[in-house]
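Got your viewer open and a selection box ready? Load the model and let's walk through it stop by stop.

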Amino acid sequence: MTQTGVPGTNRPARAPVEVRVGRAAIVTFALYLISPTLFHYIEQARLASVPAVVLATAVVALYIAAGCTGPRRSWHRWSVGVMALLVYLPLPLLGEWWAASGVFLVAMVLGLLPWRLSLPVFVLVCAAETLKSMALGDGLPGGVTWTLTVLVAAVPLAGLTHFAETARELYATRAELVTVEVAAQRARAMRELEGILGNRLDAIADQGRRVVAGVDGDAETVKKELAHMLDMAREAQKEMRGFAHREQRLPSGTTDRYP
């Protein structure tokens, strides 16, 4: 609602500091994780380096786009499938250095999917990471070690993602509660104003009927009655101004939408 009492619309608001800090940490950590892979392909200066750099940039950009936006929608789930394609399809072309991109897929599974869905997908991705390592020449112990290494890097990234989204949800919930409370305060004020003004208007109406009934009587008495009506009208006006001033001091009641 606006200050005039008219229902307002949701408006986008700048994300709170905690949300911005969490998202900045996501971006920083994601760039840190992908930087060895990027530097390796850049230093190679081979034909495969160009698509490798492009794909690595796409992996990071996709994670940042999905992890730093809310609330969670259906496209966030689809982004996990896109990430899986980016992680596994280029592997035969780009070689073992591309295996590090699996960190982002695991972090996406843990950080974006609902818990009931993330657990089976997480187990599936962990098995895929182990098989990927074995396909690149490691034995089973090496594959398990590689999967644990991926988890060590992915869990903090997923934790940052959860932190940023939880902070956004908390602030959005607080904004909704403030809107509800402001609406309740306005409703109470309007009921109180209606009651007071109703009593004042009834009193003025009664006074007016007495004036009309005694219009043929003493002029001085009529004058006093009219002066008394004017005083009651001024008192009612004063009370309305007081309510209007109190209404302006209330928060706007507009719901902030945090992106």
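What follows is a short tour, one selection at a time.

**Before you click.** This is a predicted model, where local features need pLDDT of at least 70, side-chain atom pairs count only at pLDDT 80 or more, and totals for chains, interfaces and linings use all residues. Residues are numbered from 1 along each chain as its sequence is written, and side-chain values use heavy atoms, with hydrogens and water left out.

**Whole chain.** Switch to cartoon and you get eight helices and two strands, taken as DSSP runs numbered from the N terminus (helices are H or I, at least four residues; strands are E, at least two). Starting at the N terminus, the order reads β-α-α-α-α-α-α-α-α-β. Of the 259 residues in the chain, 37% are buried. Here buried means under 20% relative accessible area, exposed means over 50%, and partly exposed is in between (1.4 Å probe, protein chains only).

**Select 102–112.** This is helix α5, and it is mostly covered: eleven of its eleven residues are buried. Among them are Phe-104, Met-108 and Gly-111.

**Select the pocket lining.** Pick Leu-33, Pro-36, Thr-37, Glu-96, Trp-97, Ala-100, Val-103, Trp-146, Thr-149, Val-150 and Ala-153, which line the largest pocket. How much space lies in this pocket? About 220 Å³, where the volume is the space filled by probe spheres set on grid points joined across faces, edges and corners. A pocket is an open set of points on a 1 Å grid over the protein atoms alone, where a 1.4 Å probe fits, with protein on both sides within 12 Å along at least five of seven lines; lining residues have an atom within 4 Å of a point.

Colour the lining by class and you should see eight nonpolar, two polar and one charged residues. (Ala, Val, Leu, Ile, Met, Phe, Trp, Tyr, Cys and Pro count as nonpolar, Asp, Glu, Lys and Arg as charged, and the others, Gly among them, as polar.) Helices α1 (17–44) and α7 each supply at least two lining residues, with α7 giving the largest share, four.

**Select the salt bridges.** There are two to find, counting a side-chain nitrogen of Lys or Arg within 4 Å of a carboxyl oxygen of Asp or Glu. Lys-132 and Glu-129 meet at 2.9 Å, N to O. Both sit in helix α6, three residues apart, about one turn of the helix, and both are buried.

Now go to Arg-168 and Glu-165, paired at 2.8 Å, N to O. These two lie in α7, again three residues apart, about one turn. Arg-168 counts as buried because its relative accessible area is 5%, and Glu-165 is buried too, at 8%.

**Select the greasy spot.** Turn on the surface and pick Leu-131, Met-134, Leu-140, Val-144 and Leu-148: a nonpolar patch with about 460 Å² of accessible area together. Helices α6 (115–135) and α7 (140–213) each give two or more of its residues, and α7 gives the most, three. Patch members have over 30% relative accessible area and no salt bridge, with nonpolar side chains (Val, Leu, Ile, Met, Phe, Trp, Tyr) joined within 5 Å. The areas come from the Shrake-Rupley method with a 1.4 Å probe. Zoom in on Met-134, in α6: buried or partly exposed? Partly exposed, because its relative accessible area is 34%.

**Last stop: Val-54.** Look for Val-54 in helix α2 (residues 49–67). At 51% relative accessibility, Val-54 counts as exposed. Draw a distance from its C-alpha to that of Leu-38, 16 residues away along the chain, and you should read 9.4 Å.

How values were computed
Patch = residues over 30% accessible without salt bridge, like charges linked within 9 Å, V, L, I, M, F, W, Y side chains within 5 Å.
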